[in-house]
Protein chains: 2
Amino acid sequence: MMPRVTFQPSGKFIDVPAGTELPAAAREAGVEIDSPCGGKGACGKCIVRIEHGEVDSDSLGMLPPTAVADGYVLACKTRLLDSVTVHVPESAGREGGKFVEEDETYLVRRELLPKDWDFDPLTVKWMIQVAPPHSDDGLGDMDRLIRAVQVDWGKREVVCTLGVLRELAEAIRRENGLVTVTLIRDAERLHVVRIEPGNQTIQHYAVAVDVGTTTVAVQLINLSLGRIVATRSCYNDQVTCGLDVISRINYAQRGEGLDELRRRVLKSINRLLEQVARHESIDPARITTAVVSGNTTMIHLLLGMTPEYIRLGPYTPTVLQAPYLTAREVGIEINPDSWICFSPHVGSYVGGDITAGVLCTDLATDSEKVGLFIDIGTNGEVVVGNRDFLLSCACSAGPAFEGAGIDCGMRAAVGAIERISVDAATGAGRYSTIGDARPLGICGSGMIDLLANLFLAGWIDPAGKFDRTRPSPSIRVDGRRAVYTVAPAEQTATGKPITISEIDVENIIRAKAAIYSATALMLEQVGVAVADLTSIYVAGGFGRFLDLDKAITLGLLPDLPRERFHFIGNASLMGSYMVVVSQDYRRRQMELARRMTYMDLSTNPRYMDQYTAALFLPHTETARFPSVRRSLSGVTPANG
Amino acid sequence: MMPRVTFQPSGKFIDVPAGTELPAAAREAGVEIDSPCGGKGACGKCIVRIEHGEVDSDSLGMLPPTAVADGYVLACKTRLLDSVTVHVPESAGREGGKFVEEDETYLVRRELLPKDWDFDPLTVKWMIQVAPPHSDDGLGDMDRLIRAVQVDWGKREVVCTLGVLRELAEAIRRENGLVTVTLIRDAERLHVVRIEPGNQTIQHYAVAVDVGTTTVAVQLINLSLGRIVATRSCYNDQVTCGLDVISRINYAQRGEGLDELRRRVLKSINRLLEQVARHESIDPARITTAVVSGNTTMIHLLLGMTPEYIRLGPYTPTVLQAPYLTAREVGIEINPDSWICFSPHVGSYVGGDITAGVLCTDLATDSEKVGLFIDIGTNGEVVVGNRDFLLSCACSAGPAFEGAGIDCGMRAAVGAIERISVDAATGAGRYSTIGDARPLGICGSGMIDLLANLFLAGWIDPAGKFDRTRPSPSIRVDGRRAVYTVAPAEQTATGKPITISEIDVENIIRAKAAIYSATALMLEQVGVAVADLTSIYVAGGFGRFLDLDKAITLGLLPDLPRERFHFIGNASLMGSYMVVVSQDYRRRQMELARRMTYMDLSTNPRYMDQYTAALFLPHTETARFPSVRRSLSGVTPANG
């Protein structure tokens with residue numbers, strides 16, 4: 001008989017051969033166990049407790065002996081010997097984001113869309129009149145369809161998909177030859193990917209897809225109206241396989257790891273597609289284009305291409321510009337003959353999300369002024385340039401601002417604490433949540449607000465340590481570490497307190513330091529003074545809005561006049577939308593991807609110095625942040 | 001509880017809702033019941049016996065009352081009311097052909113292949129050296145692969161499939177950039193459909209596929225050697241859904257009928273593909289092109305396109321020239337990114353099998369002499385022409401020469417009686433079988449041999465009736481009908497006698513009359529005297545060889561000097577092979593499809609007269625067959 005593993009508190013169980021690794025058994029049983037480090041036993045996040053039975057575990061040395069004695073093990077280092085009962089702790093932050101509805105306005109700020117473009121989408125719906133059949137003209141239905149298309153579109157080669165051929169005979173006979181075709185255009189050909197009898201031109205949809213390391217977002221566009229009709233986002237289901245791209249690349253190398261990662265991200269995308277289609281009450285077969293943007297690793301994983309050489313020198317990915325592929329091949333559940341169009345990558349660490357994002361700015365088009373683009377995601381990417389040059393770099397910020405890797409972190413969704421003010425005297429906080437719901441966790445903008453306010457009020461010091469000298473009802477010191485309670489258990493939706501620990505604060509400081517130092521070093525290398533930047537575009541999924549003063553207070557963004565900043569939210573998604581609606585944008589995107597050069601920070605000896613110097617609030621060199629210095633001196637005279 | 005249907009002798013059973021039609025229950029249980037008329041209750045072939053239980057049957061009026069009293073019903077007219085046991089008679093002829101191995105030489109006569117062609121296949125394997133990766137050249141693996149292809153093939157657009165992209169990173173790193181790519185060429189682009197590390201150019205395969213109404217044949221070609229390495233054929237699994245194209249078109253209109261027909265023919269093709277791949281011990285993924293030829297209806301069914309308008313005026317099929325499709329889309333189990341290339345059709349009743357077949361002749365290339373091409377299949381097609389004109393017509397011959405619709409008929413496979421001599425004095429026959437195996441049935445060439453010999457010896461008269469005035473050990477008169485025993489039960493592989501009845505003889509005479517009259521009428525219309533034909537190409541799956549004298553004796557072929565005839569066997573398959581190995585042939589085929597015109601016999605008032613006149617052996621006008629008249633006068637003076 002095979003050992004049975006029972007998981008608590010869910011009660012799910014599965015019989016597996018002796019020797020099976022615990023995470024594999026959990027996966028098979030449908031139980032999620034976090035494994036942010038990719039199963040290397042390095043992060044300690046997959047800690048579970050063996051309540052009953054024998055296991056073979058390698059956790060000693062990584063867990064304290066007292067914890068091991070109590071039955072705690074690292075799941076990734078544990079094999080099953082006999083039937084066991086395993087207690088899996090809940091991961092409230094991650095789960096929280098999964099079950100909430102959200103409003104599309106949180107993700108795209110439509111008013112920011114550039115104005116100077118032509119509505120000229122990759123895919124068009126077109127009504128044509130097909131000539132009636134004749135026995136002696138030697139033409140099949142397809143030949144007559146092609147001639148009808150060529151009447152309006154000229155003598156280009158017209159190619160029909162098998163799906164169209166199957167519908168063709170009935171479609172052209174239903175309304176006396178009047179049909180609506182969906183056409184996709186490439187340089188030489190017209191591809192007929194769908195045919196419907198009669199006039200169906202009003203039912204025309206496309207999607208923009210942003211595949212982030214932590215978050216996936218999908219936007220449904222009604223091309224007949226030229227309007228975004230629904231946006232949804234969720235965590236990338238790959239998150240349980242590792243929190244950052246390096247952990248994912250590690251995970252992909254294990255057995256069926258690559259295929260599992262591919263299926264997981266597809267599942268996330270298809271779940272969102274189903275949601276946006278349901279929101280608009282349409283058949284997903286009506287969606288006939290998808291523009292997909294993501295970092296180089298994410299797109300490799302989505303397409304099932306080995307990501308290994310992204311990480312190994314000389315850092316050459318399989319594709320920078322993926323060819324057009326069909327939805328059927330990729331596994332994206334829209335019309336199976338639809339084309340999937342991928343945003344071009346610049347290199348292994350500057351991907352299509354950045355070429356889509358920069359498309360939303362005037363960075364590449366403004367001839368004189370130098371602008372800056374910062375995408376704050378799990379990877380942080382920074383682009384500086386104008387019409388004459390475009391330089392990009394990347395840094396590993398971690399997913400803190402997207403709510404992952406933080407105890408009570410969550411995505412910017414209903415129930416997320418997005419703003420927190422702090423009573424300077426007591427240190428107590430007052431929060432507000434997205435949707436005014438009972439709080440589930442804290443999103444990126446909430447963390448920034450909280451940390452900046454605590455810092456301005458002197459409740460945390462420049463190194464991120466809580467003030468232990470003054471009593472506060474919100475601060476509790478647990479051994480060597482302090483924990484700040486944002487919302488007590490009785491106020492929250494989960495019945496557990498929402499807190500920020502000093503470890504969380506460290507994570508956030510590391511994230512901001514990575515982004516700031518990458519920005520500062522790149523500007524230094526290219527010889528542009530911070531003060532000369534005329535526009536700074538800030539993109540990212542940290543929340544509905546970023547409080548600019550607070551972000552500068554923390555030293556995440558350079559201290560410049562506030563009017564030079566533009567928050568553009570999920571720019572990767574917005575850029576994808578622009579490519580959906582305009583072929584001219586597609587050309588501009590290809591052009592800027594060609595022009596953009598990549599600077600490798602990891603080989604730059606000055607990067608570590610810059611990073612270390614930025615591990616303080618706002619920075620070791622406070623002269624870089626004159627407005628923060630002024631605020632601090634105003635509020636807390638002791639620091640002046 | 002649902003009624004249970006048990007089928008005997010197989011013992012298979014299934015539970016189905018009351019009211020289910022018997023053929024549907026049989027299909028679901030995996031029991032085959034013949035339905036040659038397409039379920040119209042017209043052919044009486046689906047007769048089964050209800051051994052137990054109640055049914056609701058409409059068979060009375062179609063079956064004699066005594067048979068109905070004994071429990072016999074037509075399955076297609078029967079619904080289930082309660083649990084029943086059904087006895088399904090074996091269909092020895094059809095089953096016989098399914099389980100025998102065969103030699104490829106039966107199907108293609110290689111020595112007949114034209115000599116004036118270049119080896120220039122649609123798909124090529126090519127070894128290239130991909131440059132090593134560099135971090136600063138801004139090229140992904142795909143870019144370097146494309147550049148390496150362009151070194152040899154020029155600056156054409158190169159497109160990689162997703163399958164190739166998934167293998168790419170590992171393939172180019174395994175042997176220092178030395179890889180073998182499989183390329184498919186169209187007018188503008190090169191498509192990379194497969195990549196392997198190192199030199200794998202010797203492992204290159206394609207297939208030619210002939211999809212006939214009754215028979216499907218597949219030929220494996222080793223493109224590295226330019227050689228046919230295996231050929232296999234089997235009955236088209238659609239045969240149980242109707243014997244001719246009209247019955248199949250009817251069948252396609254019922255519920256899921258079209259999809260069932262599609263799956264059935266795919267099953268036949270894929271079974272043969274598996275056989276040829278196994279014969280050569282290769283992975284089917286090494287097969288990267290298929291050229292498929294079939295009549296217009298067969299290709300519509302294979303692609304899941306409604307065939308209805310082939311049969312309805314003005315007889316317009318969906319496609320005459322199907323576009324290139326991938327094996328994945330079509331469902332043909334070779335390398336899924338392979339291209340499937342279809343032979344062009346001329347019209348609804350002259351299909352790709354004919355444009356492939358004519359390619360094997362000099363009909364379209366000879367400038368002065370007029371030649372004739374006759375394809376004897378379930379549909380008979382006739383083409384007459386030279387370099388200046390090509391005229392085609394079609395007639396419904398029925399599947400008699402392919403062994404279907406004849407009691408003991410079978411395909412030309414091991415165990416088929418292929419030759420029969422007749423003792424003039426006693427009427428007794430001596431047969432030989434393919435592979436010298438115990439006989440299973442009679443193939444087309446055996447039927448032609450038998451009928452001609454019986455006719456020459458006076459044992460059947462010009463109307464096809466057996467001589468009842470002389471006793472013969474082989475002839476038994478059963479009521480109004482006579483039956484001729486070819487092999488008694490104790491000699492056969494099935495333990496049942498192999499016979500030819502007068503009904504079978506009538507079927508064969510109708511088949512030959514259809515073909516002869518179509519030929520004669522077309523020649524008359526185009527003003528070509530039979531005697532002026534310089535070459536007559538005869539194609540078809542009637543057997544290993546056709547005895548020319550015997551075919552002329554029956555009046556199947558015109559009475560001309562024997563040296564003008566060329567038997568080219570399965571010309572559709574041979575033509576497909578030619579398109580596989582040479583793009584020049586592909587161009588010639590497209591050209592001849594464009595040039596060929598179609599003559600509709602069904603609207604010609606003279607066709608019925610011609611057909612009726614041909615319903616005798618050899619013909620009512622014996623002057624048309626002078627050599628037969630001489631033979632008859634030599635052997636049986638009474639007829640002289």
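**How two chains meet, and what the labels mean**

In this predicted model, chain B and chain A bury about 3400 Å² between them, and carbon and sulfur atoms give 57% of that area.

Q: Which residues of chain B lose the most area to chain A?
A: They are Leu162(B), Arg166(B) and Thr318(B). Together these residues make up 17% of what the chain B side buries.

Q: How many residues does each chain bring to the contact?
A: Chain B brings 41 residues and chain A brings 41 residues.

Q: What makes the relation between chain B and chain A that of a two-fold axis?
A: Start with the general picture: two copies of a chain are related by a rotation about an axis and a shift along it. Here, a rotation of 180° with 0.0 Å of shift along the axis puts chain B on chain A, with an RMSD of 0.1 Å. That is the relation of a two-fold axis. In chain B, Glu188(B) has the C-alpha nearest the axis, at 4.6 Å.

Q: How do you know that the same surface serves both copies?
A: Look at the contact residues of chain B: 100% of them recur in chain A.

Q: Why is the pair Arg189(B) and Asp186(A) called a salt bridge?
A: The label needs a side-chain nitrogen of Lys or Arg within 4 Å of a carboxyl oxygen of Asp or Glu. For Arg189(B) and Asp186(A), the N to O distance is 3.2 Å, so the pair passes. Between chain B and chain A, the count is four salt bridges. Polar contacts cross the interface too, in 14 residue pairs.

Q: Which helices and strands of chain B supply at least two residues each to the side that touches chain A?
A: They are helix 4 (141-153), strand 9 (157-160), helix 5 (162-174), helix 9 (308-311) and helix 10 (327-330). Helix 5 of chain B gives the most, with seven residues. As for residue types, the chain B side divides into 18 nonpolar, nine polar and 14 charged.

Q: What makes Asp141(A) and Arg144(A) a salt bridge, and are they buried or exposed?
A: Their closest N and O atoms are 2.3 Å apart, and the cut-off is 4 Å, so the name fits. Both residues lie in helix 4 of chain A, three residues apart, which is about one turn of the helix. Now for the second part: buried means under 20% relative accessible area. Asp141(A) comes in at 0%, so it counts as buried. Arg144(A) comes in at 3%, so Arg144(A) counts as buried too.

Q: Why do Asp559(A) and Arg562(A) get separate labels, buried or partly exposed?
A: These side chains meet in a salt bridge, at 3.1 Å from N to O. Asp559(A) has 14% relative accessibility, so it counts as buried. Arg562(A) has 27%, and partly exposed runs between 20% and 50%, so that is the label for Arg562(A).

Q: How do you know that Arg588(B) and Asp584(B) are separated by about one helical turn?
A: They are four residues apart in helix 16 (residues 583-595) of chain B, and that spacing is about one helical turn. Their side chains meet in a salt bridge, 3.0 Å from N to O. Arg588(B), at 26% relative accessibility, counts as partly exposed. Asp584(B), at 24%, gets the label partly exposed as well.

Q: What joins Lys125(A), Arg194(A), Glu196(A) and Arg286(A) into one network?
A: Salt bridges that share partners do the joining. Over all chains, the count comes to 64 salt bridges.

Q: Why is Ser501(A) called buried?
A: Its relative accessible area is 10%, and the cut-off is under 20%, so Ser501(A) is buried. Ser501(A) sits in strand 26 (residues 498-501) of chain A. Leaving aside neighbours within four places in sequence, Ser501(A) is in contact with Ala482(A) and Val483(A).

Q: What makes Asp337(A) buried, and which side chains does it join in polar contact?
A: Asp337(A) has a relative accessible area of 7%, which is under 20%, so it is buried. You'll find Asp337(A) in the loop between helix 10 (327-330) and strand 17 (339-342) of chain A. A polar contact needs N or O atoms within 3.5 Å. The side chains of Asp337(A) and Thr161(A) are joined at 3.2 Å, and those of Asp337(A) and Arg328(A) at 3.0 Å. Not counting residues up to four places away in sequence, Asp337(A) touches several residues, including Gly163(A), Val193(A) and Thr326(A).

Methods:
Residues are numbered from 1 along each chain as its sequence is written. Chains are lettered from A and ligands numbered from 1 in the order in which they are written. This is a predicted model: local features need pLDDT of at least 70, side-chain atom pairs count only at pLDDT 80 or more; totals for chains, interfaces and linings use all residues. Side-chain values use heavy atoms; hydrogens and water are left out. Copies are superposed by least squares on the C-alpha atoms of residues with pLDDT of at least 70 in both. Contact means heavy atoms within 4.5 Å. Buried area is the accessible area (1.4 Å probe) that two parts lose on being put together, summed over both. A polar contact is a pair of N or O atoms within 3.5 Å; within protein, one must be able to donate a hydrogen and the other to accept it, and residues adjacent in sequence count only if both atoms are side-chain atoms. Ala, Val, Leu, Ile, Met, Phe, Trp, Tyr, Cys and Pro count as nonpolar, Asp, Glu, Lys and Arg as charged, and the others, Gly among them, as polar. Buried means under 20% relative accessible area, exposed over 50%, partly exposed in between (1.4 Å probe, protein chains only).
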